[in-house]
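Here's a quick tour of one protein model, written for someone who'd rather look at geometry than read a long introduction. Pull up the structure and follow along.

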Amino acid sequence: MHGAVVLDRAGEVLRPAILWNDQRTGAECDAIREAVGGVERLVAITGNDALTGFTAPKLVWIRDHEPDVWARIAHVLLPKDYVRLRLTGDYALDKADGAGTILFDLAARDWSAEVLGALEIDPAWLPPTFEGPAVTGSILKDAAEATGLRAGTPVVAGGGDQAANGVGVGAVAPGVVALSLGTSGVIFAATDRPLFEPRGRVHAFCHAVPDRWHMMSVMLSAAGSLRWFRDTLAPGVAFGDLAKTAAEVPAGSDGLLFLPYLTGERSPHPDPLARGAFVGLTVAHDRRHMTRAVLEGVAFGLRDGLDLMTQAGMRAPSEIRASGGGTASPLWRQILADVLEVEIATVNTTEGAAYGAGILATLGAGWFRSVDAACEALVLATRAATPGPDAPRYAEAHAIYRELYPALAPSFRQMQ
């Protein structure tokens, strides 16, 4: 998602792609807000504030820093859609990834003339957009010879990673929420109408499911926080062994809290200067407490994002379907159930995004009539954890956790 590949009229790449994790565009984000009429207007149109990861700031950066490249642009694609071009010869983009450019009118599910005009982006550069299961082309003979795929194989629009993951775990209708616990942590919820958080602290995009949308809270260091902790303070110790020792400590880690802002943060605090912290350390704490505090701190951060989503009008979840490496820990699953106050289920895949892409492809191949029907047949959810007696203790600890970022943010800015 969010990358930028710019091509000339012949379809030749003009410069190296600028990828989602490129952070050069802080000034361009400010310029976009001003050009569109402020954060509130930008969020009202696109569902999102301007963040450095998105596509639009990258294009504005090229406009302002590489005018020779800008003058030659004839096409703009996302990275995966350049692969699509090479496979099929067609310029196309799915609506989920289109919304992630912040050049979309979220409600209309297509390019925003207002935003494009404000940013001086020629609408002719942008490809037509398609719903996730739609066929956008087929494998060309040359592409078949290069890849081993069969010529004529249909290629569907697909979706961004989290939209595809939502399909892969069956989060395709309101009420079922997906949680991805990998290096980053994502709370994802399908909606039947375009909803957005007025300050843009959580994301709102089109779903890969036709005529549905989704809200998404993203924290940057989820299981990545545990990996950092293990690599730094317990090198060589297996994650499972760390979790076993953490289970010896009571809920709340005897008053120790961990802020998981090791690489800045996106939700609920869109702050690249945020920093991680252990707060409340005493001589009574040891590595077991610190491990459990990391697990709990990540869960608290995810709860912050979930609360913003429900406050924006999203239906409270009846079930959260979890995927990603972090969900392998029974202790972490239980902590999540207690902190989020909802049943946690696992599904029959650990690679939700790839599985979801496959499900979208089954529709393009005509195997199912709807994404809902395909998910009902192909996604199996199994209860993994339900809220237990520790939930009230976690509610108390979370209330203290929420006070820490506002208290420490001024110090974070002085540390740069």
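## Empty space, rings and cysteines

The cavity search on this predicted model turns up one cavity of 30 Å³ or more. The largest cavity holds about 30 Å³ of space. What lines it? Thr55, Leu59, Val76, Leu78, Leu93, Thr101, Leu103, Trp111, Leu126 and Pro127 do the job. By class, that's eight nonpolar residues and two polar ones, with no charged residue in the lining.

The open space is another story. About 1000 Å³ lies in the largest pocket. Its lining takes in 37 residues, and the ones closest to the pocket centre are Trp20, Gln23, Val218, Leu220 and Arg266. Three elements give two or more residues each to this lining: α1 (26–36), α9 (161–168) and β12 (213–219). Of these, α1 makes the largest contribution, with four residues. The class split for the pocket lining reads 13 nonpolar, 15 polar and nine charged.

Now for the aromatics. Across the whole structure there are 11 aromatic pairs. Two of them are set out here.

| Pair | Centre to centre | Angle between planes | Geometry |
|---|---|---|---|
| Phe104 and Trp111 | 5.0 Å | 85° | edge-to-face |
| Phe258 and Phe278 | 4.8 Å | 45° | tilted |

Why does the Phe104 and Trp111 pair count as edge-to-face? Its planes sit at 85°, and the label applies to angles over 60 degrees. Both Phe104 and Trp111 are buried, and Trp111 is also one of the residues that line the largest cavity.

The Phe258 and Phe278 pair ties together distant parts of the chain: Phe258 belongs to strand β13 (residues 257–259) and Phe278 to strand β14 (residues 277–279), 20 residues apart. Phe258 has a relative accessibility of 2%, so it counts as buried. Those two rings are also part of a cluster, where ring pairs link Phe258 and Phe278 with Trp228 and Phe229.

A couple of arginines sit over ring faces as well. Arg24 is placed over the face of Trp61, at 4.5 Å from the ring centre. Arg230 does likewise with Phe239, at 4.1 Å from the ring centre.

Next, take a look at helix α13, which covers residues 330–340. Is it enclosed or open to the outside? Nine of its 11 residues are buried, so the rest of the structure largely encloses it. The buried set is Leu331, Trp332, Arg333, Ile335, Leu336, Ala337, Asp338, Val339 and Leu340, so-called charged side chains such as Arg333 and Asp338 being among them. Right after α13 comes Glu341, whose phi is positive, near 60°.

Last stop, the cysteines. How many disulfides does the structure hold? Zero. Why is Cys29 left without a bond? The closest cysteine sulfur, in Cys206, is 20 Å from the sulfur of Cys29, which is too far for a bond. Cys375 isn't in a disulfide either: its nearest cysteine sulfur also belongs to Cys206, and is 18 Å away. For comparison, a disulfide needs the two sulfurs within 2.5 Å. As for where these residues sit, Cys29 is buried at 2% relative accessibility, and Cys375 is buried too, with a relative accessible area of 5%.

Key. Residues numbered from 1 in each chain as written. Predicted model: local features only at pLDDT ≥ 70, side-chain atom pairs only at ≥ 80, totals over all residues. Heavy atoms only, no water. Buried < 20%, exposed > 50% of the residue type's maximum accessible area, 1.4 Å probe, protein only. 1 Å grid on protein atoms, 1.4 Å probe; cavity = no way out; pocket = protein on both sides within 12 Å on 5 of 7 lines; lining within 4 Å. Points joined across faces, edges and corners; volume = space filled by probe spheres on them. Phe/Tyr/Trp six-rings, centres within 6.5 Å; stacked < 30°, edge-to-face > 60°. Lys NZ or Arg CZ within 6 Å of the ring centre and 35° of its normal.
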